[in-house]
Amino acid sequence: MAAKKKGNSTKPNQTVDVSTETDINKSGNTENKTFPVVGIGASAGGLKAFESFFSAMPGDVDPGMAFVLVQHLAPDHKSILTDLVRRYTRMKVFEVEDGMRVEPNCAYIIPPNRDMAFLNGTLQLLEPSAPRGQRLPIDFFFRSLAQDQHERAICIVLSGTGSDGTLGVRAIKSESGMVMAQNPESTEFDGMPRSAMETGLVDYVLHPSEMPAQLIAYATYAFGQKPGPAPLMAAKEKDAFKKIFILLRARTGHDFSHYKQNTITRRVERRMAVQQINRLDNYVSCLQHTPDEVDSLFRDLLIGVTNFFRDPEAFHVFEEQIIPSLFKAKPVGSIIRIWVPGCSTGEEAYSVAILFQERIDALRQSYKIQIFATDIDSRAIDAARSGRYPASIASDITPERLSRFFTQEANGGEYRINKTIRDILIFSEQDLIKDPPFSKLDLISCRNLLIYMGGELQKKIIPLFHYALNPAGFLFLGTSETVGEFMDLFSVMDRKSKLYRRKEDLYNTQRPIIGRYLPDLTYKNPALKQIEKISGENKPPLRELTEQALLQYFDPVGVLINERGDILFLHGRSGLYLEPSPGEVGINNILKMAREGLRQDLTIALHKAVSHKKNIHNSGLRVKTNGDFTSVNLTVMPVDQEILSPAFPPLYLVILEKIPGINMNHPETMAPSMVNDDGDHADRDERIEALRRELKAKEEYLQSANEEMETSNEELKSSNEEMQSINEELQSTNEELETSKEELQSVNEELATVNAELQQKVHDLSCANNDMNNLLAGTGIGTIFIDHQLRILRFTPAVAQVINLIPTDVGRPVGHIVSNLVGYDNLVADVNSVLSTLVPKELDVRARAGSWFSLRIRPYRTLENVIEGAVITFIDITEIKRAREEVQVSETKHRFLFETITQGVVYHDNQGRIIGANPAAERLWGLSLDAMHSLDSANAHWPTIHEDGSDFPGKTHPARTALKTGKPVYDVVMGIRLPKKDTLTWIRINAVPQFKQGEDKPYQVYSIFDEITGDQRPMQPA
C-alpha cells in the first residue's frame, strides 16, 4: 500500500491530501498481515511527550508496526494533534474514521468526542457513553486492543493526570503483551504513569525519546525471530524449563511445573523478548545471575486480570439462583462461609461481598457473611487489603453500587471500598496446591484459575473443593472451566455460567489429594467391594431405602440406580436378568449387565423415567437366560426425593417381576412373530399387531437413542468450546492460606502478629528519636525547625549560642526571638525566600562573642516530597575562618618570596610540561610564562649541553629524573642555548618531586636554578 512506501513519507509542514490517504487506508485490504500494534495513551502534558517520542523514531528505517494515539480531547474543539504529529514523523498520520483498517508504519489519532475500539484489524468509533470528566477512553481502547491482538498488543502510558490506562495495562499483560510507561521525572503530570507503574506490570520505564529504540528492539526479538513451537519444546528446551521451575521454586517457594506448558512458554518467551535474549539456555543463565529477573518472571506468571462483576451474565445467574438458595437453607442469624481462591487484587471477592450485602439489606434480616479471599501473590493481597482502585472501575460498576459501596478519594483519582464491605472479607496468602483448604464452606467462587493448571492439578483440586464444601454447597467456576470427569461429585446448576452443586460421594471414592490433608481417611476401591451405606445424618441406608420401595410391589428383585444406570444396591436374586459384563471390573452399570431381551426396553424405560419423572411399566418382556426365555414385567420408578437429603442426586428403582405359569419355550406360548407362517395356529392379525408393537418399541428405542445422541453432541460441543476457551488463558493466579479449619484462630494470629509488629515499630521509633536527639546534640550544630508560618517546631541546644531560645519558645515565630548575630537581620526575609523558591541559601554570619557561623536555610521535605517548612542550621566555623586567614597570610608571604627571589623557579606537571614559573625564570629564559606554558623542560626550543660540551639528552633532564625516580636531584650543571638571547648560559639546577598524601608517584616537580657564570658567549651553530 502507499502508506508503506518510503517515497511518500511526509516531511515537516508538508500538506497532505488526508482524504485520499484515508480512502486508500479503508480500501478493505484483507491480506493476512501480522504486525505489532502500539496503543499510546496520554492526557495533560501529552503533546510534549508525543513530540519527543516521534522525533526519536528512526529516519531511515520503517518501524514495522502501527501506532494508535488516544488522548483526552475537548469534545467541542477540532483537534490539531494530527498536524502536530506529522511534523515529527515520516510515517503516514491519519485522524481515525469509523471502520478504518490499521496498516503498519502508520499513525492513527483518535478524533474528539469519540471512544475508539480495535476489532479485527480495524478501528471502530463509538459515541461516548460516560459524561465528560468520567470518560476513560484509554482503558477502553487498551482492553479492546488486548482482546483483538493478544501478544502483539503493546501499550504506552505517557504524561497525564488520573489513572486512565491502568486497567488496560492489566488487560494487555494478560494476553502476554508489552507495557511501557513514561519516566515520572520527565512528565508534566505523572498521575497516569505512576498509576500504571503501581500495578507492577510495566516492562520499561523510559523517557519518551528512549522508547522507540527499545520498542523496535523488543519487536525484533519478540516477533522477528520467534521460534516455532516444535523447536521450543525439544528435549534441551524441556530440560531448560525444568531448570526455570527449580529457580522459581528456590526463589519464591512455589512450584509451577504442573501448570499448563503453553502458559509458561508464552510468559517465558515474553520475558526473553523484554531482556532481548533469543536462546532459552541463555535466559536460564540470566535467571541464575539475576534474582530480580526471577521476581519479574514470577510476577508475569501471576498476572491477575480481573475486574468487578466480570462476566455480568454469570453474575446475574449467580445472584438470581445461588444467593437466594443459600439464604433459604440458613436460619436467621447463622453464618454463611465463602471461599474465593485466586482473588488477585480483590475485585472478584468484593463483587461477591456486594451481592450478599445487597441480599441481606433486601431481606432486612440478620446474617453473618464471612468471605475468605486468598491468593499466592503477596503484592496482590496487599492491594486487595487496601481496597483502593482506580477511577476506571466506574465502567464495570453501576452508579448505584459505586455511590453505595465506594468512597472517592479527595483528589478524585481513586475509589476506596467502604468499611461495611471490607469487614466481610479476610485476605491472606495461600498456595492452593500445597496448603490445606478451608472447610465447612457454603460457597466456593474459583473463576478463571483452573484454566492455567494442568490436568493432574485439576484432578487434585476439584475433589479438594468437594471436601471443603458443606453438603449441597455451591461451586462457581469461570466460563472457561468445568469439573471435568468429576460429575459424580457435582451436579450442574447452570451449564453456561458454570454453577455446580455438591453431591454426596455415593461411592465413597476418596481422591488421593484428600488423603494428603486427611491422613486418617482410608481409600476404598469400588472394584473390591460393593457400595457400602452412606454414613452421616439425614442419609438413610441404601438397603432400607430399597426395601421400603419394594414393599409396594412384593417383588424379591429390585435394583437401586442413579440416572446413568450405575448400580447402588441389589435386592433379591438378579442373576436371571443381569450378568457381569466382560472386561475390567469397576462400578457396575445395569444397562451393560442386562441380559438379551431386557437391555433395549430397560434403556427406553430409564430414559423416560429420567425425562418425565414418573413411573414407567413394560409388561411381558422375553428375557433370555441360559437358552430359555423368561417372561418379565419391568417397572422403573423415581425414588421420592423427600426421602433423600438435598445433597443426594435423583435415584431410581428398577423392579423385575417374573410372570408365573408361562412356558416361553412351548410353541403355544410363543409370540406370533416366532411362529412359522405356514403354521396352522398362526393368526395373521395377531402377528401384525405384535409386529406393530415391536416396531413401536423399536421406534421409541431409536428416539431415545437419538435424544441421548443429541444430548451427547451438545455436551461434546460444550466441552469443545470449553477446551478452546481454556487455550485462551484469561488469568494466572494462585492462593495462599494459613490454616484449614481454624480460620478464626488464623485471623487472631495475624492480628497478634500485626500488633507485635506495631509494638516493634513503636520501639524502633523511640530508639530512632533517642538516636536523633543524641546525634543532633553531639554534632554541636545548632538547628531550628520551623513551619510555613515561621513558627518554631523544635531546636537543638547548640543553637542557644546564636539565638536566645528556651523550651517555652516552641510555637513562637522565629522573628520574635532576639539573636546574637552582628550585622545580620534578614533571617525572616531569607526564610520566606527559600520557602517560595525552594532554593537553599547559605552565608557566613558573626556572633557578638566573635565566633563565626555558617548559616544554612533549606526546605523541610517529608518522605512524600512535600514541603512542610524550613530547617535553619548554624555550623561553627570559627576555627575554619581563622585557618583561612592564616593560610591567606602565609600564601601572601610565599607569593612575595616566590616573585622576588633572584633564583628561577619552574613547576612541571607529571608529564614534564611547564605549568608555572616566577619572574626570575622568565628573565633568565627570555620567555614569558604564556610562551613557556605546556613546553617540556627538555624541549629542543632550548638545547642543553654538559660541561664538556656534549649534548644533554632530554630524558636525563633533572625534572624528568625526579618524576621517574620520585627522588630529588641536586646540583646539576648544564649549559642552555637561549635562541632569543643568542647566548649560552650555564646554570645549576635542583629538581624536587611533590607528592599527594597516600600516593607514591609525584604529581608535579619544581625546579630551582640560578646562573653560575656571567660569561655569555654567542651560541655556536648546532
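Helices (H or I, at least four residues) and strands (E, at least two) are DSSP runs, numbered from the N terminus. You're looking at a predicted model, where local features need pLDDT of at least 70 and side-chain atom pairs count only at pLDDT 80 or more, while totals for chains, interfaces and linings use all residues. Residues are numbered from 1 along each chain as its sequence is written, and side-chain values use heavy atoms, with hydrogens and water left out.

**Stop 1: Ser 43**

Select Ser 43, in the loop between strand E1 (37-42) and helix H2 (46-55). Is this residue buried or exposed? Ser 43 is buried, at 10% relative accessible area; buried means under 20%, exposed over 50%, and partly exposed in between (1.4 Å probe, protein chains only). Now show its contacts, meaning heavy atoms within 4.5 Å. Setting aside neighbours within four places in sequence, Ser 43 touches Gln 71, His 72, Ser 159, Gly 160, Thr 161 and Met 192.

**Stop 2: a three-stranded sheet**

Next, pick out the open sheet with strand order E4-E7-E6 and antiparallel pairing. Here, two strands pair if DSSP finds at least two bridges between them. At the edges are E4 (100-101) and E6 (115-119), each pairing on one side only. E6 is joined to E7 (residues 122-126) by five bridges, and the two run antiparallel. One bridge to look for links Leu 119 with Thr 122 in E7. Add helix H4 (residues 137-149), which packs on the sheet and touches E6 and E7. The direction of H4 makes about 5° with that of E6; axes are lines fitted to C-alpha atoms, for helices over the stretch in contact, and angles run from 0 to 180 degrees between N-to-C directions.

**Stop 3: Ser 445**

Jump to strand E17 (residues 441-446) and click on Ser 445. With a relative accessible area of 1%, Ser 445 is buried. Which residues does Ser 445 touch, not counting those up to four places away in sequence? They are Trp 339, Val 340, Pro 341, Glu 348, Val 352 and Phe 476.

**Stop 4: Ile 587**

Move on to Ile 587, in the loop between strand E22 (567-571) and helix H21 (590-593). Ile 587 counts as partly exposed, because its relative accessibility is 41%. Draw a distance from its C-alpha to that of Asp 566: the two residues are 21 apart along the chain, and these atoms are separated by 6.8 Å.

**Stop 5: two hairpins in a row**

Select E30 (residues 841-847) and E31 (residues 852-861), an antiparallel pair joined by six bridges. Asp 844 sits opposite Ser 854 in E31. The two strands form a hairpin with four residues between them, and Gly 850 in the turn has a positive phi of about 100°.

Keep E31 on screen and add E32 (residues 867-876), which runs antiparallel to E31 and is joined to it by eight bridges. Pro 859 stands opposite Ala 870 in E32. This hairpin has five residues between the strands, and Asn 865 takes a positive phi near 65°.

**Stop 6: helix H29**

Finish at H29 (residues 958-965), where Pro 958, Ala 959, Ala 962 and Leu 963 are buried. Why do they lie on the same side of H29? They cover an arc of only 135° around the axis, which puts them there; the arc is that of the directions from the helix axis to the C-beta atoms. The buried residues of H29 pack against strands E33 (904-909), E36 (969-978), E37 (983-994) and E38 (1004-1011). Following H29 is Gly 966, with a positive phi near 75°.
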